[in-house]
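Work through the exercises below with the structure open beside you. Each task is followed by a stepwise solution.

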Amino acid sequence: MLSACCPRRGLLARRWFSSVWPHSRGLTTTAPEYYAEAKHTIIKDLTMSPEMFSSAGSAIEKFVQSGNRVYLHMAAANPVTLVQAMADQHERLDNVEVCHMHLEGKVPYLEEHCRHSFRMNSFFLSSATRKFANNGAGDFTPCFFS
């Protein structure tokens with residue numbers, strides 16, 4: 001471990017660990033009790049704050065305006081519901097640049113009826129976005145992942 005190769009670094013790691021994990025200091029709460037209380041606190045906090053929650057459509061309406069640049073996360077982290085809600089509001093939006101790395105599957109804002117509202121700027125082409133960059137319906141900005 002860390003302490004075997006560098007005793008001082010191991011001591012610092014143990015001090016840090018004991019400061020963030022109270023059970024390592026000899027408190028009597030067991031891990032299952034600690035996690036049950038943490039889960040209860042999280043659920044209690046979420047139920048006390050309903051204004052934190054909204055539909056995808058109302059979130060897009062509130063935060064995405066004409067002329068904005070929107071970044072979509074890539075691959076499996078792509079917010080599919082939000083992307084569909086953004087494409088559904090294409091009549092309200094104009095000149096929105098949508099930047100992304102690697103998208104798979106259906107890309108609703110690239111459909112023909114949405115082209116006047118959105119402009120794709122892809123940093124990495126996939127099978128879903130390559131044809132739009134090749135025919136000039138979107139931009140391609142090469143980006144290396146390393």
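The model is predicted.

**Exercise 1. Fold outline**

Task: State how many helices and strands the protein chain has, and give their order.

Solution.
1. The protein chain has six helices and four strands.
2. Along the sequence, these elements follow the pattern α-α-α-α-β-α-β-β-α-β.
3. Contacts add to the outline: of those with a separation of 6 or more, 43% join residues 24 or more positions apart.

**Exercise 2. Confidence**

Task: Find where confidence is lowest and where it is highest in the protein chain.

Solution.
1. Start with the average. The mean pLDDT of the protein chain is 78. Residues at 70 or more make up 65%.
2. Go to the low end. Helix α1, residues 2-5, has the lowest confidence, with a mean of 46.
3. Look around that helix. The pLDDT is below 50 over residues 1-8. This stretch has four contacts in the model beyond near neighbours in sequence.
4. Go to the high end. Confidence peaks in β2, at 95.

**Exercise 3. The surroundings of E97**

Task: Place E97 in its element, then list what E97 touches and which polar partners its side chain has.

Solution.
1. E97 lies in strand β2, which spans residues 96-100.
2. Leave out residues up to four places away in sequence. E97 then touches N68, R69, V70, R119 and N121.
3. Take N121 from that list. Its side chain makes a polar contact of 2.9 Å with the side chain of E97.
4. Now take R69. A salt bridge joins R69 to E97, with the closest N and O atoms 2.7 Å apart.
5. Check the sequence separation. R69 is in strand β1 (residues 69-72) and E97 in strand β2, so the pair, 28 residues apart, links distant parts of the chain.
6. Check exposure. R69 has a relative accessible area of 62%; it counts as exposed because this is over 50%.
7. Add one backbone distance. The C-alpha atoms of E97 and F118 are 5.8 Å apart, with their positions 21 residues apart in sequence.

**Exercise 4. Salt bridges**

Task: Count the salt bridges, then classify the residues of two further pairs as buried, partly exposed or exposed.

Solution.
1. The count is four salt bridges.
2. Side chains of opposite charge can pair when their charged atoms come close.
3. One pair is E111 and K106, whose closest N and O atoms are 3.8 Å apart. The cut-off is 4 Å, so this pair counts.
4. E111 is partly exposed, at 31% relative accessibility. K106 is exposed, at 61%.
5. Another pair is R115 and E112, with an N to O distance of 3.2 Å.
6. R115 is partly exposed, at 31% relative accessibility. E112 is exposed, at 59%.

**Exercise 5. The nonpolar core**

Task: Identify the residues with the most contacts inside the largest nonpolar core, and the elements that build this core.

Solution.
1. The largest nonpolar core has 23 residues.
2. Those with the most contacts inside this core are L72, M86, V96, V98, Y109 and F118.
3. Two or more residues each come from β1, α5 (80-88), β2, β3 and α6 (130-134).
4. The largest share is that of α5, with four residues.
5. Follow M86 outward, leaving aside neighbours within four places in sequence. M86 is in contact with I60, V70, L93, V98, Y109 and F118.
6. Set this against a wider tendency: in soluble globular proteins, nonpolar side chains tend to be buried together.
7. For the chain totals, 29% of the 146 residues count as buried. The exposed area is about 10100 Å², and carbon and sulfur atoms supply 60% of it.

**Exercise 6. Two loop residues**

Task: Decide whether N78 is buried or exposed, and list the contacts of N78 and H102.

Solution.
1. N78 sits in the loop between β1 and α5.
2. Its relative accessibility is 12%. N78 is buried because this value is under 20%.
3. Beyond residues up to four places away in sequence, N78 touches L72, H73, V83 and L103.
4. H102 sits in the loop between β2 and β3 (118-122).
5. With the same sequence neighbours left out, H102 touches M74, A75, F124, L125 and S126.
6. The side chain of H102 also makes a polar contact of 3.1 Å with that of E104.

Terms used: Residues are numbered from 1 along each chain as its sequence is written. This is a predicted model: local features need pLDDT of at least 70, side-chain atom pairs count only at pLDDT 80 or more; totals for chains, interfaces and linings use all residues. Side-chain values use heavy atoms; hydrogens and water are left out. Contact means heavy atoms within 4.5 Å. A polar contact is a pair of N or O atoms within 3.5 Å; within protein, one must be able to donate a hydrogen and the other to accept it, and residues adjacent in sequence count only if both atoms are side-chain atoms. A salt bridge is a side-chain nitrogen of Lys or Arg within 4 Å of a carboxyl oxygen of Asp or Glu. Buried means under 20% relative accessible area, exposed over 50%, partly exposed in between (1.4 Å probe, protein chains only). pLDDT is the predictor's confidence in each residue, from 0 to 100. A nonpolar core is a set of buried Ala, Val, Leu, Ile, Met, Phe, Trp, Tyr and Cys residues joined through side-chain atoms within 4.5 Å. Accessible areas come from the Shrake-Rupley method with a 1.4 Å probe; for residues, only the protein chains shown count as cover.
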